[in-house]
Amino acid sequence: MIALTLPTRDHWRALESRSAALPDSERCSIANHWARAAQMEHASVAAFSRFSLQLLAVGAPPSLLEDAHRAALDEIKHAELCFSLATIYARRSIGPAPLPVDERALTSWDLSSVAVGTVEEGCVGETIAALEAQAAAELARDEVVRNVQLRIYEDESRHAELAWRFIRWAVQIGGAPVREAVREAFERTLARFECASALEGIHEHRLEAHGILSERRKHTLRAQIMTEVIRPALVGLLA
Ligand SMILES: [Fe+2]
Ligand SMILES: [Fe+2]
């Protein structure tokens, strides 16, 4: 566990004056980044609520259900932190809007489809989210942003671990058909990311000091996560 200090009112105020010194274009790019990140975190709350219902539908053990609910609370905190950062850099209040909830998202109730969704969103998505936050924290020179990224890193790591635990359980319970669906879902997702070519960033490195990864670094890091983290874990899981 990393000892984390979440920003206090004084920290936010200090960040506000530091951000006021930035050129407008840089400040706006940073604000846009955090506003987008906040919307995604906000949507993750709904994703974990859906996952909790799916866990109930497939008869998953209470420990998984408990962690899914805790994860939804983590995502609320992440959204709040990211909206605060967006607000500071934009110099105007930015918060959540009504989230479109599509009832079709609630149609996958069989074990294989729940497992496939969890491979993409959980095993891969949360692992990427965790390691990107860690990489951004390492680059960030601002203490407030670094601590936000570290908090997100810690939580997303637990969410990824929850997804892998669920898949292990699903494969155990569901046997060969679930195992095959899981393998295919991993192969599809791995292929999509491993082939991603590194994009050239122009002045994006400037944003890294503010705890935001450049697209180029993000692509390289994702390919690396697939090869060095997800693939070996998959081999272990299905061995
Ligand atoms: Fe999150
Ligand atoms: Fe998460």
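In the predicted model, His-78 has a relative accessibility of 0% and is therefore classed as buried. The same value, 0% relative accessible area, is found for Glu-75, which is likewise buried. Both residues belong to helix H3 (residues 62–90), where a spacing of 3 residues places Glu-75 and His-78 about one helical turn apart.

Glu-75 and His-78 take part in the coordination of the iron ion (ligand 1), His-78 through ND1 and Glu-75 through OE. The remaining donors to this ion are OE atoms of Glu-41 and Glu-156, and the coordination distances run from 2.0 to 2.3 Å. Along the sequence, the donor residues of ligand 1 follow the pattern E-x33-E-x2-H-x77-E. The angles among the 4 donor atoms range from 88 to 139°, and the site is irregular; the upper value lies outside the 85 to 135 degrees required for a tetrahedral assignment. Glu-75 also serves as a bridge between the iron ion (ligand 1) and the iron ion (ligand 2), the two ions being 3.7 Å apart.

Helix packing was examined for H4 (residues 111–139) and H6 (residues 176–194), whose axes are 9 Å apart and inclined at about 35°. The crossing of these two helices is right-handed. On the H4 side, the contact comprises Leu-111, Ser-112, Ala-115, Val-116, Val-119, Glu-120, Cys-123, Val-124 and Ile-128. H6 contributes Pro-177, Val-178, Ala-181, Val-182, Ala-185, Phe-186, Arg-188, Thr-189 and Phe-193. Classified by residue type, the contact between H4 and H6 consists of 14 nonpolar, 2 polar and 2 charged residues.

Terms used: Residues numbered from 1 in each chain as written. Chains lettered and ligands numbered in written order. Predicted model: local features only at pLDDT ≥ 70, side-chain atom pairs only at ≥ 80, totals over all residues. Heavy atoms only, no water. Donors = N, O, S within 2.8 Å, 3.2 Å for Na, K, Ca; no water. Tetrahedral: all angles 85-135°; square planar, octahedral: opposite > 155°, others 65-115°. Helix = DSSP H or I, 4+ residues; strand = E, 2+ residues; numbered from the N terminus. Buried < 20%, exposed > 50% of the residue type's maximum accessible area, 1.4 Å probe, protein only. Axes fitted to C-alpha atoms, helices over the stretch in contact; angles between N-to-C directions. Left-handed = near helix turned anticlockwise from the far one by under 90°. Contact = heavy atoms within 4.5 Å. Nonpolar A, V, L, I, M, F, W, Y, C, P; charged D, E, K, R; others polar.
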